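Reader: I'm new to looking at protein models, and I'd love a close look at one part rather than a quick tour of everything. Could you pick a stretch and walk me through who sits beside whom?

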Amino acid sequence: APTSALNEDDITLGDPVALLNAEAQKFSDLWNTVQQRNNIAGHEFTEPLPILQPDEIAEAPRAFLANTAHTYDGFHPGHYSLLSDTSLRRVGDLMALMEATGHIPSLIQAILIVLLSKPTGDFRPIGLFPSLYRLWGKCRRPYATKWEAGHDRPYYAGGKGTSAIET
């Protein structure tokens, strides 16, 4: 069974909700679960997030430290706060398209791996995402936090106030 709703030519193979339910059934059978969860209906799964408004997009870069890293795209996340409202609307439209399709433009898919030196002499690799992706994450963080608070489960590892060790 395909794990993506699109093939290599970006042609839809099937309904994403049907694919999700098929994958859930496959793992349910594999793990011999006794009680089946309710299948996800299309309206429960595909409700879009509101399109980000210029003021939300302009506010998000303020959460980044002034000395946060630039990436290969040459932008600091703070640069987005310098854009006009019209330009910020286009940024919001691009983010909405990324969310609706589940695809990020290929030019901003790369992650730059940087090796930071540790006091022990070793190195710690970190991944630097492009500025637009970082901005998108900051913009959507309040929505994700609200969703997580409403869907908390005791068996989730690493949730707010917990660690994987406590699970």
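Author: Here is a walk through helix α5 and its surroundings, with a short look at other contacts along the way.

Before we start, keep in mind that this is a predicted model. Helix α5 covers residues 131-150, and a good place to begin is with its aromatic rings. Tyr133 and Trp136 form an aromatic pair, with 5.5 Å from centre to centre and 50 degrees between the planes. Why is that pair called tilted? Planes under 30 degrees apart count as stacked and those over 60 as edge-to-face, so what is left is tilted, and the angle here is 50 degrees.

How do Tyr133 and Trp136 sit along the helix? Being three residues apart in α5, they are separated by about one helical turn. Both have some surface showing: Tyr133 is partly exposed, with a relative accessible area of 25%, and Trp136 is partly exposed too, at 23%. There's a third ring to add, since Phe129 joins Tyr133 and Trp136 in one aromatic cluster.

Let's stay with Phe129 for a moment, because it leads us away from the helix. Which residue comes close to Phe129 in space despite a gap in sequence? Ala110 and Phe129 are 19 residues apart in sequence, yet their C-alpha atoms are 7.2 Å apart. You'll find Ala110 in the loop between α4 and β1, and Ala110 is partly exposed, with a relative accessible area of 42%.

From that loop we can step onto the two strands. Strand β1 takes in residues 112-117 and strand β2 residues 123-128; they run antiparallel, and six bridges join them. If you want one facing couple to look for, Ile113 stands opposite Gly127 in β2. The hairpin of β1 and β2 has five residues between the strands, and in it Gly121 takes a positive phi near 95 degrees.

Phe129 also turns up in a surface feature of this region. Together with Ile111, Ile113, Leu115 and Phe123, Phe129 makes a nonpolar surface patch of about 500 Å². Leu115 belongs to strand β1, and at 55% relative accessibility Leu115 counts as exposed. As a bit of background, side chains in a regular strand alternate between the two faces of the sheet.

Now back to α5, this time for its charged residues. What does Arg140 touch? The side chains of Arg140 and Glu99 meet in a salt bridge, at 2.6 Å from N to O. Arg140 lies in helix α5 and Glu99 in helix α4, so this pair ties together parts that are 41 residues apart in sequence. The two partners get rather unlike labels: Arg140 counts as buried at 8% relative accessibility, whereas Glu99 is partly exposed at 26%. Arg140 has a ring in its surroundings as well, as it lies over the face of Tyr143, at 4.8 Å from the ring centre.

Lys138 has a ring partner too. Lys138 lies over the face of Phe64, at 5.0 Å from the ring centre.

Follow the salt bridge from Arg140 to Glu99 and you arrive in helix α4, which spans 85-101. Here Arg90 forms a salt bridge with Asp93, the closest N and O atoms being 3.0 Å apart. Where do these two sit? Both lie in α4, three residues apart, about one turn of the helix. Arg90 is partly exposed at 48% relative accessibility, and Asp93 is partly exposed at 30%.

The count of salt bridges comes to three, and we still have one to visit. The side chains of Glu59 and Arg62 meet at 3.7 Å, N to O. Glu59 is partly exposed, with a relative accessible area of 45%, while Arg62 counts as exposed at 62%.

Finally, a word on the aromatic pairs, since the structure holds three of them. One of these is Phe75 with Tyr80, a tilted pair at 6.2 Å centre to centre and 35 degrees between the planes. Is each of the two rings buried or exposed? Phe75 is partly exposed at 42% relative accessible area, whereas Tyr80 is buried at 11%.

If you go back to the model now, try starting at the cluster of Phe129, Tyr133 and Trp136, and then find Arg140 and its salt bridge to Glu99.

Note on methods
Residues numbered from 1 in each chain as written. Predicted model: local features only at pLDDT ≥ 70, side-chain atom pairs only at ≥ 80, totals over all residues. Heavy atoms only, no water. Phe/Tyr/Trp six-rings, centres within 6.5 Å; stacked < 30°, edge-to-face > 60°. Buried < 20%, exposed > 50% of the residue type's maximum accessible area, 1.4 Å probe, protein only. Helix = DSSP H or I, 4+ residues; strand = E, 2+ residues; numbered from the N terminus. Lys NZ or Arg CZ within 6 Å of the ring centre and 35° of its normal. Pairing = 2+ DSSP bridges. Patch = residues over 30% accessible without salt bridge, like charges linked within 9 Å, V, L, I, M, F, W, Y side chains within 5 Å. Areas by Shrake-Rupley, 256 points an atom, 1.4 Å probe, with all protein chains shown as cover. Salt bridge = Lys/Arg side-chain N within 4 Å of Asp/Glu carboxyl O.
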